Amino acid sequence: MSIDAGARYAESHEYARQEGATVVVGISDHAQAELGDIVFVELPQVGKVIGKGQNFGTVESVKAASDLYMPIGGKVVEVNAALQSDPALVNKDPYGAGWMLKVEPTNLSEMDQLLDAKSYGKTIGEE
Amino acid sequence: MPFIANTDADRKAMLDAIGKSSVEELFADIPEKRRFPELKLPEGKSEQEVLRELADLASRNLTPERKAWFLGAGAYNHFIPAVVPALASRGEFLTAYTPYQPEVAQGTLQSIFEYQSMAAELLGVPVVNASHYDVATALAEGIIMALKNYSDRTEVLLPRDLHPEYKKVVELYLEPFKVELREYVGAPEVAPVSDKTACLVASYPTFTGEVYPLAKAAEAAHSVGALFIVQADPMMCALFKSPGAQGADIVAAEGQCLGNPMNFGGPFLGMLGTTTQLMRKIPGRLVGQTKDSADRRGFVLTLSTREQHIRREKAVSNICSNQGLTMLQTCIYLAAMGKNGMRTVASLCYDKAHYAAELINGTPGYKVQTNSFFKEFLISTPIAAEEIFDRLVKRGFVPGLPVSRYDASKPNELLVCVTEVNTKSEIDSLAQLLKEVAQ
């Protein structure tokens with residue numbers, strides 16, 4: 001199972017990775033593997049301000065529909081439109097082409113409350 | 001084994017647990033004389049006598065088989081070809097509630113799939129679900145779709161000329177929501193939309209029959225990021241541009257007029273459709289086409305993750321009932337009529353209604369109030385519409401709906417509906433009778 005060392009993680013398996021002024025949000029490789037084949041990703045409208053821990057969308061696999069929660073609060077500045085036509089990108093490349101949101105964080109220090117790659121690895125049973 | 005499975009011992013154990021000595025004690029709150037009232041039922045009768053009595057009672061109903069029928073107002077008298085009840089009552093379609101197991105219910109699932117497909121074409125939207133109770137509940141579910149889509153928007157715009165009963169149902173459904181229902185007057189394109197508006201609702205046509213074009217209203221709603229919902233007459237969609245083709249995001253329609261009798265007001269058929277963008281928010285069941293492991297065509301419930309049995313409290317709606325029988329009748333009706341048949345029926349309604357309106361408008365004291373209409377129009381009357389109704393019923397004519405039944409401040413308005421069932425001589429006689437009663 002791959003864990004992006006440059007990202008930080010919420011216990012609900014979303015990652016947040018700082019890239020300049022914005023933070024890229026998606027779900028971890030572990031999460032996509034647990035969900036199975038992803039058939040639909042519902043994302044918020046650009047411009048929406050969503051707080052840390054609040055619901056920002058839904059990911060639907062052949063097994064289940066799961067809610068997505070913001071690892072960091074902020075304004076959605078971009079959503080990954082490619083996921084509408086090819087939601088399987090989340091399975092194939094969760095940290096790359098399968099990203100979900102770009103967020104302008106309200107308070108960047110919220111990143112510190114997230115797990116680093118090593119601690120997240122422990123929570124999912126990987127050392 | 002007794003039908004009621006609990007034994008004297010079971011009952012005693014339950015009574016002991018709650019500290020009561022007898023079942024009767026549980027009814028102590030009901031006054032004694034009300035507990036077992038005498039029913040005063042007559043002596044039993046033979047089957048023949050009962051049938052005769054019921055036939056006598058039934059003959060006192062006003063029915064379109066015995067009267068010239070110009071009453072609509074939500075329940076419409078259209079011709080139902082014999083093929084509809086003949087096929088719908090076949091044993092293969094008699095089935096238990098919720099017949100959704102694909103292993104055993106391919107026939108039912110296919111009939112739902114075909115209904116959805118034809119209904120979608122008629123309403124001009126890509127997706128129609130397996131149906132709701134009636135258009136009022138379908139409309140309410142459609143509005144809830146819009147509210148859940150924009151959790152921060154608090155306003156719903158309804159036409160003032162929405163059917164009063166649909167309005168009541170919508171109000172009841174939305175009671176637990178923190179929303180403001182605002183009414184607008186006239187064309188939907190002038191409704192006061194704003195960034196608070198979750199959805200703009202238009203009736204196509206309105207309760208009094210007015211047909212407003214929808215495209216500009218759709219643009220107005222979309223310009224503020226709101227959804228555009230249309231409550232439509234599906235028969236009209238066979239002749240006029242469909243709501244979907246004019247930019248509606250959600251369409252609710254009353255399917256009773258497509259192959260179902262008026263049934264004294266129910267069961268009806270709530271049709272609900274939407275766009276591909278919103279299909280994961282539509283409530284109710286959806287049947288889709290698929291392939292089995294041997295590559296054969298088959299049908300299953302699809303997009304079920306929207307629904308409460310998977311999403312639990314987060315589902316858009318908890319509704320899962322559909323109107324299996326009326327949906328099946330509509331499915332058969334649409335298939336039997338085909339595109340050309342539907343257009344012919346709709347054209348007949350339009351032509352006959354406009355012929356009737358012209359005649360009535362030329363009758364002293366009467367004036368058609370609806371500007372642009374399909375099969376139903378409002379007229380002003382020289383005497384109380386309720387009086388006209390009473391007098392014409394005695395002459396074998398049900399002339400329409402006195403609007404005063406919903407709004408006492410409008411005693412001199414009659415809502416008249418003409419369908420393909422009404423003959424020219426009936427229409428001529430109606431105009432003649434209206435003239436006579438006004439003299």
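In what sense, parallel or antiparallel, do strand 11 and strand 12 of chain B pair, and over how many bridges? The model is predicted. In it, strand 11 (residues 367-368) and strand 12 of chain B pair in the antiparallel sense, over two bridges.

**Strand 12 of chain B**

Strand 12 of chain B runs over residues 376-380. Four of its five residues are buried, so the strand is mostly covered. Besides strand 11, strand 12 of chain B also pairs with strand 15 (residues 413-417) of chain B. This second pairing is antiparallel and counts five bridges. The table names one residue pair from each pairing.

| Strands of chain B | Bridges | A bridge pair |
|---|---|---|
| 11 and 12 | two bridges | B:Val368 and B:Ile379 |
| 12 and 15 | five bridges | B:Leu378 and B:Leu415 |

**Chain A as a whole**

Chain A contains nine strands and four helices. Their order along the sequence is β-β-β-α-β-β-β-β-β-α-α-β-α. The pattern thus opens with three strands before a helix and ends with a helix.

How does the radius of gyration of chain A agree with that of a compact globule? For 127 residues, such a globule would have a radius of gyration near 14 Å, and chain A has 13 Å, so the two agree. The C-alpha trace of chain A spans about 35 × 35 × 20 Å along its principal axes.

Of the 127 residues in chain A, 39% are buried. Contacts in chain A can also be sorted by separation in sequence. Among those between residues at least 6 apart, 62% join residues at least 24 apart.

Notes
Residues numbered from 1 in each chain as written. Chains lettered and ligands numbered in written order. Predicted model: local features only at pLDDT ≥ 70, side-chain atom pairs only at ≥ 80, totals over all residues. Buried ≥ 20, exposed ≤ 12 C-beta atoms within 10 Å, placed from the backbone. Pairing = 2+ DSSP bridges. Rg over C-alpha atoms; globule rule 2.2 N^0.38 Å. Contact = placed C-beta atoms within 7 Å.
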